[in-house]
Amino acid sequence: MKIIAVIPARYASTRFPAKLMQDLGGKTVILRTYEAAINTNLFDDVFVVTDSDLIFNEICTHGGKAIMSIKQHESGSDRIAEAIEHLEVDIVINVQGDEPFINAEPLAKVIEVFRNDTHKQVDLASLMREIKDEDEINNPNNVKVVVDQSGFALYFSRSVIPYSRDKDAGVRYFQHIGIYAFRKQALLDFYSLPMKSLETSEKLEQLRYLEYGKRIKMVETTHVGIGIDTLEDLEKARRVVF
């Protein structure tokens, strides 16, 4: 089973333009992320896929592997699907380009899902963590997920799900952590299928998979990544590096 990591890397960012090219302890954010993915020793290969000449050249000039996007894309899945369409690969891991402090343990967990899936019932695997704070639960920026008894995702939402009509029901709330592992065919199917109403409404690409019957196995973790979405996040990351 050939397993690769792909790091989608847009140059533009609404909240923090050019964040992936910012200096982080003498290296750019995207280069540190790329090197961290390699250093996990979990992947047969690692690629950055980007729409930016600057990012492409940054990776290549440091001996890395980068792929230039040909088309404009609405989502990271679309960008990755175009990049891997003609690659010989079984499982593709989406690594976030703005998380340079990669923890190998949760990545290993999603990979293990496919190693154990002898009947190929899983199309995607992803991560979730339990949240208990009311502000976290109600925050629409925290995507929630509900699962069945076998750990397969039933729905993702920015709203509070499930609605706790019975406060004594013992419901646990889970935040979706956006690390994905895909079977190649599931990713290519996503790329060819049109966006439907649920994805359009919630602006969550994982709903396209569910709307078309793909099975997403969720794995519980306690890991919280350190993402760089703002200048303040970058300053915190710099303190970690130094």
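Is Asn-41 buried or exposed? Asn-41 is exposed, with a relative accessible area of 69%. Keep that residue in mind as you go through these close-up views of a predicted model.

**View 1. Asn-41 and its positive phi.** Asn-41 sits in the loop between α1 and β4. Most residues other than glycine have a negative phi, and most peptide bonds are trans. Asn-41 is not a glycine, yet its phi is positive, at about 60 degrees.

**View 2. Lys-203, a residue other than glycine with a positive phi.** Here you are looking at the loop between α7 (197-202) and α8 (206-211), where Lys-203 lies. The phi of Lys-203 is near 60 degrees. Lys-203 is exposed, and its relative accessible area is 58%.

**View 3. Glu-202, a buried residue without a salt bridge.** Glu-202 belongs to helix α7. How far away is the nearest side chain of opposite charge? That side chain is Arg-158, and it is 5.0 Å away. A salt bridge needs a side-chain nitrogen of Lys or Arg within 4 Å of a carboxyl oxygen of Asp or Glu, so Glu-202 and Arg-158 do not form one. Setting aside neighbours within four places in sequence, Glu-202 is in contact with Tyr-155, Phe-156, Ser-157, Arg-158, Ser-159 and Leu-207.

**View 4. The cis peptide bond between Ile-161 and Pro-162.** Look for Pro-162 in the loop between β9 (153-157) and β10 (173-183). The bond that joins Ile-161 to Pro-162 is cis, with omega at about -5 degrees.

**View 5. The buried and exposed sides of helix α2.** Helix α2 spans residues 53-61, and Ile-55, Glu-58 and Ile-59 are buried in it. Why do these residues share a side of α2? They cover an arc of only 90 degrees around the axis, which puts them on the same side of the helix. Turned away from that buried side is a face carrying the exposed residues Asp-53 and Thr-61. The buried residues of α2 pack against β1 (3-9), β3 (27-28), α1 (29-39), β4 (45-50) and β5 (66-68).

**View 6. The two ends of α2.** At the start of the helix, a side-chain oxygen of Ser-52 comes to within 3.2 Å of the backbone nitrogen of Leu-54. Just after α2 comes Gly-63, with a positive phi of about 80 degrees.

**View 7. Ile-30 and the largest nonpolar core.** This core has 37 residues. Which of them have the most contacts inside it? They are Ile-7, Ile-30, Phe-43, Val-48 and Ile-93. Leaving aside neighbours within four places in sequence, Ile-30 is in contact with Ile-7, Ala-9, Leu-20, Met-21, Val-48, Ile-55, Glu-58, Ile-59 and Gly-97. You met Ile-55, Glu-58 and Ile-59 in View 5, as buried residues of α2. A second, separate core has 28 residues, including Tyr-180, Phe-190, Leu-207 and Ile-216.

**View 8. Helix α9 and its buried residues.** In helix α9 (residues 231-241), the buried residues are Asp-233, Leu-234 and Ala-237. They span an arc of only 100 degrees around the axis, so they lie on the same side of α9. On the other side of this helix, Glu-232 and Arg-239 are exposed. Among the elements that cover the buried residues of α9 are β2 (23-24) and α1.

Definitions and conventions:
Residues numbered from 1 in each chain as written. Predicted model: local features only at pLDDT ≥ 70, side-chain atom pairs only at ≥ 80, totals over all residues. Heavy atoms only, no water. Buried < 20%, exposed > 50% of the residue type's maximum accessible area, 1.4 Å probe, protein only. Helix = DSSP H or I, 4+ residues; strand = E, 2+ residues; numbered from the N terminus. Arc of directions from axis to C-beta. Contact = heavy atoms within 4.5 Å. Polar contact = N/O pair within 3.5 Å; in protein donor to acceptor, adjacent residues only side chain to side chain. Core = buried A, V, L, I, M, F, W, Y, C linked by side-chain atoms within 4.5 Å. Lys, Arg positive; Asp, Glu negative; His and termini not counted.
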